[in-house]
Amino acid sequence: MGTPTEETTNKSSAFERASTAIINFSATSAMFGIAMGLIFLWLVTGPIFMYSNTWLLIVNTGTSIITFLMVFLIQRSQNKESIAVQLKLNELIAANNSASNRLLNIQDLSEGELNVLYEHYRKLVELTQQAPSNTQSHSVEEAITINEELDAANKADEEKNAAQ
């Protein structure tokens, strides 16, 4: 036998492979056909079993068990996909020199922190719309500085015009 880490990895890999195979197969036309066939078979057997409570219980129990298990497999699949997307986005942010690194691992922020960051970007949109050229990309900090400089220049112009 291998080390405990190897055994855990092998078990994890086996579970990973099995759950991925089940998720992939459950999303196929063949699986839909099988499900429809089972429902048709159940319906056809209704008269044979005189639509008894047992006959009803079979489909209810079967569908409940399958649904219960699929919820966990689907959630696992979505978590894995979410992590993969986050890693891809992190790579794009890290590779772009102009991008704000504060967005790396943003999924780990609290809801309050996300709202603060959202407000920064909302403000960036407002400032960009007020800027003479809205085709240039700026960080939030740069946009605030540019806006403050524009406000100061406008105030100076107003004071100059008022003095005349």
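The predicted model contains five helices and zero strands, and from the N terminus on its elements follow the order α-α-α-α-α. Of the 164 residues in the protein, 12% are buried.

Among these helices, α3 (53-95) comprises 43 residues, and its length can be set against an expected value: at 1.5 Å a residue the helix should span 63 Å, and its end C-alpha atoms are 62 Å apart, which agrees. The buried residues of α3 are Trp 55, Val 59, Met 70, Leu 73, Gln 86, Asn 90 and Ile 93.

A search of the whole structure for paired aromatic rings finds three such pairs. In one of them, Trp 42 and Trp 55, the ring centres are 4.1 Å apart and the planes stand at 5 degrees, so the pair is classed as stacked. This pair links distant parts of the chain, since Trp 42 belongs to helix α2 and Trp 55 to helix α3, 13 residues apart. Both partners fall below the 20% limit for burial: Trp 42 is buried with a relative accessible area of 18%, and Trp 55 counts as buried at 6% relative accessibility. A further pair is formed by Phe 68 and Phe 72, whose ring centres are 5.0 Å apart and whose planes stand at 80 degrees, so this pair is edge-to-face. Phe 68 and Phe 72 both lie in helix α3, four residues apart, or about one turn of the helix, and Phe 68 is exposed, as is Phe 72. Ring pairs also join Trp 42, Tyr 51 and Trp 55 into a cluster.

The two tryptophans of the stacked pair are each also in contact with Thr 45, a residue of helix α2 that is buried with a relative accessible area of 17%. A polar atom of the Thr 45 side chain lies 2.8 Å from the backbone oxygen of Trp 42, while the side chain of Thr 45 makes a polar contact of 3.2 Å with the side chain of Trp 55.

The loop between α2 and α3 holds Tyr 51, the residue that ring pairs link with Trp 42 and Trp 55, and Met 50 is placed in that loop as well. Although neither is a glycine, Met 50 has a positive phi of about 55 degrees and Tyr 51 has a positive phi of about 45 degrees. At 69% relative accessibility, Met 50 counts as exposed.

Analysis of the space left between the atoms identified a largest pocket of about 500 Å³. This pocket is lined by 18 residues, and those closest to its centre are Met 31, Ala 35, Leu 38, Thr 63 and Ile 66. The helices α1 (4-26), α2 (29-45) and α3 (53-95) each supply at least two residues of the lining, and α2 gives the most, with eight residues. By residue class, the lining of the largest pocket divides into 13 nonpolar and five polar residues, with no charged residue.

Taken together, helices α2 and α3 are linked through the Trp 42 and Trp 55 ring pair, and both helices also contribute to the lining of the largest pocket.

Technical notes. Residues numbered from 1 in each chain as written. Predicted model: local features only at pLDDT ≥ 70, side-chain atom pairs only at ≥ 80, totals over all residues. Heavy atoms only, no water. 1 Å grid on protein atoms, 1.4 Å probe; cavity = no way out; pocket = protein on both sides within 12 Å on 5 of 7 lines; lining within 4 Å. Points joined across faces, edges and corners; volume = space filled by probe spheres on them. Nonpolar A, V, L, I, M, F, W, Y, C, P; charged D, E, K, R; others polar. Buried < 20%, exposed > 50% of the residue type's maximum accessible area, 1.4 Å probe, protein only. Polar contact = N/O pair within 3.5 Å; in protein donor to acceptor, adjacent residues only side chain to side chain. Phe/Tyr/Trp six-rings, centres within 6.5 Å; stacked < 30°, edge-to-face > 60°. Expected span 1.5 Å × (residues − 1).
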